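User: I'd like to go through a model with you, a few spots at a time. Can you take short questions as they come?

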Amino acid sequence: MSAHRRIVLVAVAGALIISTSAPLVRMAEVSPATSALYRCAYAVPPMLVLAWLERRRLGPLPGKARNLAWLAGLLFALDLLFWHHSIDYVGAGLATVLGNLQVFIVAFAAWAVFHERPSNRLMLATPVVFAGVVLISGVFDSAAYGANPALGVLTGVATSIAYAGFMLLLKAGAGRAVGPIAHATAVATLAIAALSPLFGGADFAPVWPAHGWLLLLALGPQVLGWSLIAYSLPRQPAALTALLLLVQPMTTVALSAALLDEHPSVAQLAGCAVIVAGVLWGSRRPQPASDVLEQDAQVPKTSTV
């Protein structure tokens with residue numbers, strides 16, 4: 001197996017693991033701030049152990065990467081606080097689809113900051129994708145699923161903005177798999193605790209079985225899932241990782257229907273399909289003709305008899 005294919009499989013495995021995040025949040029049945037806080041707090045001890053083992057092999061995390069990881073942790077705190085509220089408002093499946101608008105936000109942020117103009121495909125796909133967001137919001141749909149679909153869309157978009165910043169900063173983690181995400185998770189824990197009063201407050205008294213689900217959320221998606229994604233991020237283009245993470249929302253929609261009895265309306269499911277199709281089409285870049293010719297030249301010619 002080639003190194004590239006192995007890295008892709010690592011990223012897909014991470015995406016599949018984090019696709020269980022939203023269903024686990026719903027199963028815990030605690031406030032959004034509580035689930036966000038303990039998701040990170042329970043993950044910190046094992047992550048620190050893994051980061052220490054990584055440090056023994058590779059040396060200390062460079063100062064710049066550490067500082068970027070701390071900033072990423074602040075954005076991750078906002079990402080989780082907004083997203084867990086979105087899960088409450090519009091359900092686990094739809095909230096996860098909305099959170100993955102980060103593919104577009106990353107592209108346009110790169111245009112603003114690095115002057116990397118998005119492709120024409122991406123520009124054309126943007127209004128199509130946001131039409132899908134409108135469908136999920138339930139503005140024109142009396143059968144829309146969720147306690148408050150419109151507010152769920154707003155918190156979902158806020159999630160995507162924070163998520164995009166988190167991903168871009170994490171990519172600069174000096175090629176480490178665990179160190180940057182461990183620093184980010186520790187900072188996110190403190191930030192969520194400080195910000196929780198603004199997001200409905202967190203319950204600091206653990207209650208069983210809720211905290212069993214939160215422990216599983218921390219050890220599975222947060223520790224294992226994000227460690228795999230953090231490993232793949234510096235080793236492939238950010239756009240490719242963003243596309244691979246689209247495995248997550250579709251898997252979450254399926255899990256939410258099977259485990260949580262979530263049944264979005266036909267219009268909302270159509271919105272999901274529009275968003276995913278738009279992101280996939282818009283994020284593709286046409287292959288340069290020179291690359292195609294080079295690949296063709298490398299393919300062995302077989303004679304036909």
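**Backbone, helices and spaces**

Analyst: To begin, D261 is exposed because its relative accessible area is 54%, where exposed means over 50%, buried under 20% and partly exposed in between, with a 1.4 Å probe and protein chains only. The model is predicted, so local features need pLDDT of at least 70 and side-chain atom pairs count only at pLDDT 80 or more, while totals for chains, interfaces and linings use all residues. Residues are numbered from 1 along each chain as its sequence is written, and side-chain values use heavy atoms, with hydrogens and water left out.

User: Where is D261 found, and what is its phi near?

Analyst: D261 is in the loop between α13 and α14 (266-283). Helices here are DSSP runs of H or I with at least four residues, strands are runs of E with at least two, and both are numbered from the N terminus. Phi of D261 is near 60 degrees, a positive value in a residue other than glycine.

User: Which way does phi usually go?

Analyst: Most residues other than glycine have a negative phi, and most peptide bonds are trans.

User: What about E29, where is that found?

Analyst: E29 belongs to the loop between α2 and α3. Its phi is near 55 degrees, again positive and again not a glycine. E29 counts as exposed because its relative accessibility is 71%.

User: And the peptide bond from W208 to P209, cis or trans?

Analyst: Cis, with omega near 10 degrees. P209 sits in the loop between α10 and α11.

User: On to T20. Where does it lie?

Analyst: T20 lies in the loop between α1 (3-18) and α2 (21-28). T20 counts as partly exposed because its relative accessibility is 27%.

User: What is T20 in contact with, leaving aside neighbours within four places in sequence?

Analyst: P221 and L255, with contact meaning heavy atoms within 4.5 Å. A polar atom of the T20 side chain lies 2.7 Å from the backbone oxygen of I17. The C-alpha atoms of T20 and P249 are separated by 9.7 Å, and these two residues are 229 apart along the chain.

User: T252, then: buried or exposed?

Analyst: T252 counts as buried because its relative accessibility is 0%. T252 is part of helix α13 (residues 247-259). Neighbours within four places aside, T252 is in contact with S19, A22, P23, A92, G93 and T96.

User: Same for H84, buried or exposed?

Analyst: Buried, because H84 has 0% relative accessibility. H84 is in helix α5. A polar contact of 2.6 Å joins its side chain to that of S35. A polar contact is a pair of N or O atoms within 3.5 Å; within protein, one must be able to donate a hydrogen and the other to accept it, and residues adjacent in sequence count only if both atoms are side-chain atoms. Beyond four places in sequence, the residues in contact with H84 are V25, P32, S35, A36 and R39.

User: How far apart are the end C-alpha atoms of α10?

Analyst: They are 24 Å apart, which agrees with the expected span, because 17 residues (179-195) at 1.5 Å a residue should give 24 Å. The expected span is 1.5 Å times one less than the number of residues.

User: What covers the buried residues of α10?

Analyst: The cover includes α3 (32-41), α4 (44-58), α5 (63-90), α9 (149-170) and α11 (210-232). Among the buried residues of α10 are G179, I181, V187 and I192.

User: Which residues lie nearest the centre of the second largest pocket?

Analyst: A51, R55, L61, G179 and H183, out of 14 lining residues. The elements giving two or more residues to that lining are α4 and α10, and α4 gives the most, with 5. The pocket has a volume of about 230 Å³.

User: How are pockets and volumes defined?

Analyst: On a 1 Å grid over the protein atoms alone, a pocket is an open set of points with protein on both sides within 12 Å along at least five of seven lines; a cavity is a set where a 1.4 Å probe fits but cannot get out, and lining residues have an atom within 4 Å of a point. Grid points are joined across faces, edges and corners, and a volume is the space filled by probe spheres set on the points.

User: How many cavities of 30 Å³ or more does the structure hold?

Analyst: It holds 2. The largest cavity has about 140 Å³ of space. D79, W83, Y163, W226 and Q248 lie nearest its centre, and α5 provides the largest share of the lining, 4 residues.
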